[in-house]
Amino acid sequence: MVGACAALALAGRGFRVGVVEAAVPPDKITSSDSAYDLRVSAISPRSRGILQGLGVWQQLDDERVCYYEQMHIWHEHGKASVAFDAVDLARSNLGAIVENRLLQQTLYRVCERESRIEWFMPDKIETLLENHAEGIELRLGSGRCLGAGLLLAADGRHSPTRSMAGIDVQQGQYRQTAIVANVETEHSHRQTAWQRFLGTGPLAFLPLANGQSSIVWSCDDDFATEIASASDDEFCDALGEAFEFRLGRVVSCSARKSFPLGWHHCQNWLKGRVLLIGDAAHSVHPLAGQGVNLGFSDVEVLAQLVGDRSESIPQ
């Protein structure tokens with residue numbers, strides 16, 4: 001998502017951009033009733049503005065976007081809590097929950113209309129041939145060689161490009177596992193994002209446009225192993241109890257997926273003509289939903305620094 005966003009931002013400033021993508025675009029969502037992706041993002045108003053400026057947000061299927069108007073956060077121990085309401089900020093909403101797949105599809109579709117963007121897909125960088133002050137050259141797995149004035153590495157937290165460029169990374173594990181699923185609850189989510197801080201990790205219920213909630217249950221690894229082996233009914237019961245039944249019983253859940261949680265950060269994002277953006281440069285715990293928003297902010301700052309093609313050094 002961040003790489004395609006960067007391609008659009010730079011193409012819009014007059015640069016020719018090549019996008020090297022290892023995966024083919026996700027299957028098109030054929031109807032508003034199609035099952036929702038398990039991976040969603042909480043898009044901040046700032047990020048929505050960035051995507052609107054690139055002509056992307058307007059192309060999303062609005063029936064699959066859920067704008068949330070309130071946030072409620074509370075702690076398992078004691079009475080600590082905090083609430084936010086869009087009304088208090090004179091806004092129509094606080095943000096939007098969007099499937100990653102929907103954003104990826106829409107970004108790809110908008111990129112396809114941009115004549116300055118060329119896709120190399122499916123393909124990957126095999127070797128960095130040159131990386132110095134004058135430019136960069138690389139060879140793809142397909143055998144194609146490319147040269148450019150700048151290589152943006154937006155290939156995720158385990159960025160192969162970062163390793164090829166020899167950029168050091170500091171990293172560690174939270175010793176937690178995130179369990180994601182889409183659930184149906186007894187009562188409406190009321191266009192509200194919910195999060196409860198538990199002794200074993202934070203639990204978030206994020207509203208979806210179809211009335212379901214996307215849950216992200218960050219658990220200590222031992223507890224995650226235990227809950228992962230539970231039946232659907234047992235999982236729904238445990239989930240409802242952990243959430244204090246704020247939306248009534250958890251009636252059903254989709255397939256569940258889990259992934260380990262870690263952090264990383266690079267002191268230097270630039271080496272020669274390789275620049276890290278998005279998760280290739282940094283990652284944080286998902287409890288605040290800031291991952292892709294930080295990546296979109298990287299793109300916004302990059303576009304400002306680079307300026308228009310006519311004002312920049314030759315590619």
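1. First, the bookkeeping: helices (H or I, at least four residues) and strands (E, at least two) are DSSP runs, numbered from the N terminus. With that in hand, Pro122 sits in the loop between strand 7 and strand 8 (125-132). The peptide bond leading into Pro122 from Met121 is cis, with omega near -10°.

2. A word on what you're looking at: this is a predicted model, where local features need pLDDT of at least 70 and side-chain atom pairs count only at pLDDT 80 or more, while totals for chains, interfaces and linings use all residues. Residues are numbered from 1 along each chain as its sequence is written, and side-chain values use heavy atoms, with hydrogens and water left out.

3. On to the inside. A nonpolar core here is a set of buried Ala, Val, Leu, Ile, Met, Phe, Trp, Tyr and Cys residues joined through side-chain atoms within 4.5 Å. Buried means under 20% relative accessible area, exposed over 50%, and partly exposed in between (1.4 Å probe, protein chains only). The largest such core has 36 residues, and Val17, Leu51, Trp57, Val98, Ile117 and Phe296 have the most contacts inside it. Several elements each supply at least two residues of this core, including strand 1 (17-20), helix 3 (100-112) and helix 7 (291-306). Helix 1 gives the most, with 9 residues.

4. Ala7 belongs to helix 1, and it counts as buried because its relative accessibility is 2%. The C-alpha atoms of Ala7 and Met164 are separated by 21 Å, with their positions 157 residues apart along the chain. Leu261, in strand 17 (residues 257-265), is another buried residue, at 5% relative accessibility. Leu261 and Tyr174 are 87 residues apart in sequence, yet 5.8 Å apart in space, C-alpha to C-alpha.

5. Now the charge pairs. Side chains of opposite charge can pair when their charged atoms come close. The rule used is a side-chain nitrogen of Lys or Arg within 4 Å of a carboxyl oxygen of Asp or Glu, and by it the count comes to 10 salt bridges. One of them joins Glu99 and Arg64 at 2.9 Å, N to O. That pair links distant parts of the chain, with Glu99 in strand 6 and Arg64 in the loop between helix 2 and strand 3, 35 residues apart. Both Glu99 and Arg64 are buried.

6. Arg196 and Glu244 also meet in a salt bridge, at 3.2 Å, N to O. Arg196 is in strand 13 (residues 192-198) and Glu244 in the loop between helix 6 (232-242) and strand 16 (250-253), so the pair ties together parts 48 residues apart in sequence. Arg196 counts as buried at 6% relative accessibility, whereas Glu244 is partly exposed at 37%. Back at the earlier pair, shared partners join Arg64, Glu99 and Arg101 into one salt-bridge network.

7. Two backbone oddities to check by eye. Ala90 has a positive phi of about 55° although it is not a glycine; Ala90 lies in the loop between strand 5 (81-85) and strand 6 and is exposed, with a relative accessible area of 74%. Arg175 likewise isn't a glycine but has a positive phi of about 60°. Arg175 is within strand 12 (residues 170-185) and counts as exposed at 63% relative accessibility.
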